[in-house]
Amino acid sequence: MVNIGYTLMGEQAGPKELVDYAVRAEAAGFDHIVTSDHYYPWLESQGHSPYAWSVLGAVAHATSRAELMSFVTCPIRRYHPAVVAQKAATIGVLSDGRFTLGLGAGENLNEHVVGAWPHVQQRHEMFEEALQIIRPLLNGETLTFSGNHYDVPDAYIWDRPDAPVPMAVAASGRQSATLAAEYGDAMVATDPEARLVEMYEQAGGAGRPRYGQVAICYGPDEAECRKIAHDQFRWFGLGWKVNTDLPDNDAFEAATRSVREEDVAAGISCGPDVDKHVEAFKKFVDAGFTHVALVQVGGDSQPMFLDWAQEQLLPRLRDL
């Protein structure tokens, strides 16, 4: 049975609301809760972007059953990897071992706030070094590391959960799928592509969790849902190669100016029809993902969505 998740979308709600939604999601029956980790929203109309790790700490304290995950944290510019390991271990303790550290190579929009955004090849080198730093620290080792991009003279994490925090690594192609298999305990992807699962398994990840994420916009009025999805999520179809390098909200506004409402609706299921939303979720299940987190587009609609999900959507997804 697939593990069903709920996304705390920090770009469309403030920190107190996110904690409340997490509590509601756990009560509704979601198996895991993931959170974005960004400095900026993608579009100004989304209107929020609180510090994900403060939210995670509060959520860890306010919930008791659901697994938690960062989806995903970039450890190469905005955060030093040794500090990422410390943060992850702390959330692991606060959550009684329910936390998984999701990691990815990030995007310019959120990481350039503390320095220039590196070229893609340099980013990949930095990301692998970050994984080499984080993994042993989470395992309880004292680390001395000297690389091309990072130096860690001496580091040790004093507060850790009983079992090491698992790492899930984002993959978009063969190189990143190989990194995920080599350093991680799970793989993360945002597209329902069976080839990514195959690459991950071929590289040594067979039998490990594969995390996916699907955006939907549930509501009683399909036309209104299409407008909300277009207003707040039209960046979604640009593709990762574009998303990684656009520098700010204005750039995303400009890049999505020609995206039509029907274009967004073709990629995000909208409206009250539960069958459409089940089918969107099922694409990830069919591609071989073991964990799939839902994103409900629209900050104000979260309570309504969670009630509906408990009554109608989750029972259907359990049957997949």
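Q: Which elements each supply at least two residues of the lining of the second largest cavity in this predicted model?
A: In this predicted model, they are strand E1 (3–8) and helix H1 (15–28). The largest share, 3 residues, comes from E1.

Q: Which residues line that second largest cavity?
A: The lining is made of Tyr6, Thr7, Leu8, Met9, Gln12, Ala13, Leu18, Tyr21 and Gln302.

Q: What makes the lining of the second largest cavity 6 nonpolar and 3 polar?
A: Tyr, Leu, Met and Ala count as nonpolar, while Thr and Gln fall among the polar residues. Sorted that way, the lining comes to 6 nonpolar, 3 polar and no charged residues.

Q: How many cavities of 30 Å³ or more does the structure hold, and what are their volumes?
A: There are 2 of them. The largest cavity has about 50 Å³ of space, and the second largest has a volume of about 30 Å³.

Q: What lines the largest cavity, and how do its residues divide by class?
A: Its lining consists of Gly10, Glu11, Leu18, Thr35, Ser36, Asp37, His38, Ser49, Pro50, Tyr51, Ala52 and Val55. By class that gives 5 nonpolar, 5 polar and 2 charged residues; Asp and Glu count as charged, and Gly is among the polar ones.

Q: Why is there no bond between the sulfurs of cysteine 225 and cysteine 217?
A: A disulfide calls for cysteine sulfur atoms within 2.5 Å. The sulfur of cysteine 225 is 4.0 Å from the closest cysteine sulfur, the one in cysteine 217, so the two are too far apart for a bond. The structure as a whole holds 0 disulfides.

Q: Why are cysteine 225 and cysteine 74 called buried?
A: Buried means under 20% relative accessible area. Cysteine 225 has 3%, so it counts as buried. Cysteine 74 is at 2% relative accessibility, so it is buried too.

Q: Why is aspartate 96 called exposed or buried, and where does it lie?
A: Exposed means over 50%, and aspartate 96 has a relative accessible area of 71%, so it is exposed. Aspartate 96 lies in the loop between H3 and strand E4 (99–103).

Q: What makes the phi of aspartate 96 worth a look?
A: Most residues other than glycine have a negative phi. In aspartate 96, phi is near 55 degrees, a positive value in a residue that is not glycine.

Q: Which peptide bond is cis, and what is its omega?
A: The bond joining phenylalanine 71 and valine 72 is cis, with omega about -10 degrees. Most peptide bonds are trans. Valine 72 has its place in the loop between strand E3 (67–70) and helix H3 (81–94).

Q: Why does aspartate 263 count as partly exposed?
A: Partly exposed covers the range between the 20% and 50% cut-offs. Aspartate 263 is at 33% relative accessibility, so partly exposed is the right label. Aspartate 263 is found in helix H11 (residues 261–267).

Q: What makes the pairing of aspartate 263 and arginine 260 a polar contact?
A: The N or O atoms must be within 3.5 Å, and the side chains of aspartate 263 and arginine 260 make their contact at 2.8 Å.

Q: How many helices and strands are there, and what makes the chain as compact as a globular protein of its length?
A: The chain has 13 helices and 11 strands. Its radius of gyration is 19 Å, close to the 20 Å that the globule rule gives for 320 residues, so the chain is as compact as a globular protein of that length. Of those 320 residues, 55% count as buried.

Technical notes: Residues are numbered from 1 along each chain as its sequence is written. This is a predicted model: local features need pLDDT of at least 70, side-chain atom pairs count only at pLDDT 80 or more; totals for chains, interfaces and linings use all residues. Side-chain values use heavy atoms; hydrogens and water are left out. On a 1 Å grid over the protein atoms alone, a cavity is a set of points where a 1.4 Å probe fits but cannot get out, and a pocket is an open set with protein on both sides within 12 Å along at least five of seven lines; lining residues have an atom within 4 Å of a point. Grid points are joined across faces, edges and corners, and a volume is the space filled by probe spheres set on the points. Helices (H or I, at least four residues) and strands (E, at least two) are DSSP runs, numbered from the N terminus. Buried means under 20% relative accessible area, exposed over 50%, partly exposed in between (1.4 Å probe, protein chains only). A polar contact is a pair of N or O atoms within 3.5 Å; within protein, one must be able to donate a hydrogen and the other to accept it, and residues adjacent in sequence count only if both atoms are side-chain atoms. The radius of gyration is taken over C-alpha atoms; the globule rule is 2.2 Å times the number of residues to the power 0.38.
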